[in-house]
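Here are my notes for your first pass through this one. Have the viewer open and follow the points in order.

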Amino acid sequence: MVDALRHRRILFGTAAATLVLAGALLLLAGSYRGGCPHDIVDLELAADPVEFERIVGCWIDSAGRGALTNFRRVIVGLDFLFPVAYGVLGASILAFTWTPPATGPRAVIVAIPLVAAAADFAENAFHLHALAGISAANLDRIPGWAVTTASATARVKFLLLLVAGVLALLGLVLGRLRRVDGNPGRSAGVV
């Protein structure tokens, strides 16, 4: 019973932290985006340095010269905390829906959101490197390798989060089916 209570506290605490940080990231997006139609996901997926430069240029044109500084602050202030929150939340959800001991395949399943969070950390670091020393006047100096690598890690992150989401839904459905078959198992888990 203690483990279940502790697990629920972790689940709800990380869910609350994830929602608060996601809300803060969305609210602060205006400080660097202004009225530019390109959002952070557009930038994350921009594999071409010219496209990356165009998006950052749009932010500067729309939000002013402080857009780059504000974007850097958002990355350092929030976007290094957000992956911790959603990584632990995702791992908690998967641990809850896939109930056997944390060894073998289950351990790999539970680790997927944590690996996605690690990819997000790498992506953030590459974005910060791409924008280091860059100002509104010299956007053409953005290093292409950092942009391409950031985009690749963002795609890995999104793919892993998709896989984690599918596995969480599968775990919930299979756990529900198991209970319907008359074998209660754990409340919402898969054996």
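1. Start with the overall build: the protein has seven helices and zero strands. Reading along the sequence, you get the pattern α-α-α-α-α-α-α. Keep in mind that this is a predicted model.

2. Next, the general numbers. The protein has 191 residues, and 40% of them count as buried. If you take contacts between residues at least 6 apart in sequence, 72% of them join residues at least 24 apart. About 9,900 Å² of the protein is exposed, with carbon and sulfur atoms supplying 70% of that area.

3. Have a look at helix 3, which runs over residues 49-63. Its 15 residues reach 21 Å from the first C-alpha to the last, close to the 21 Å expected at 1.5 Å a residue. The buried residues of helix 3 are Phe52, Ile55, Val56, Gly57, Cys58, Trp59 and Ile60. What follows helix 3? That would be Gly64, with a positive phi near 95 degrees.

4. Now find Ser151, in helix 7 (residues 144-180). Is Ser151 buried or exposed? Ser151 counts as buried because its relative accessible area is 1%, and the cut-off for buried is under 20%. Leaving out residues up to four places away in sequence, Ser151 touches Glu44, Leu45, Ala46 and Ala47. With Leu45 there is also a polar pairing to zoom in on: a polar atom of the Ser151 side chain sits 3.2 Å from the backbone oxygen of Leu45.

5. Helix 6 (residues 104-131) is home to Leu114, and Arg106 lies in helix 6 too. Arg106 has a relative accessible area of 12%, so the arginine is classed as buried. Arg106 and Ala95 are eleven residues apart in sequence, and their C-alpha atoms are 7.8 Å apart in space.

6. Leu114 is a different case: this leucine is partly exposed, with a relative accessible area of 41%. Which residues join Leu114 in a nonpolar surface patch? They are Ile10, Val84 and Val88, and the patch made with them comes to about 280 Å². Leu114 can belong to such a patch because its 41% passes the requirement of over 30% relative accessible area.

7. If you only have time for two stops, I'd pick Ser151 with its polar atom 3.2 Å from the Leu45 backbone oxygen, and then the patch of Ile10, Val84, Val88 and Leu114.

How values were computed: Residues numbered from 1 in each chain as written. Predicted model: local features only at pLDDT ≥ 70, side-chain atom pairs only at ≥ 80, totals over all residues. Heavy atoms only, no water. Patch = residues over 30% accessible without salt bridge, like charges linked within 9 Å, V, L, I, M, F, W, Y side chains within 5 Å. Areas by Shrake-Rupley, 256 points an atom, 1.4 Å probe, with all protein chains shown as cover. Salt bridge = Lys/Arg side-chain N within 4 Å of Asp/Glu carboxyl O. Helix = DSSP H or I, 4+ residues; strand = E, 2+ residues; numbered from the N terminus. Buried < 20%, exposed > 50% of the residue type's maximum accessible area, 1.4 Å probe, protein only. Polar contact = N/O pair within 3.5 Å; in protein donor to acceptor, adjacent residues only side chain to side chain. Contact = heavy atoms within 4.5 Å. Expected span 1.5 Å × (residues − 1).
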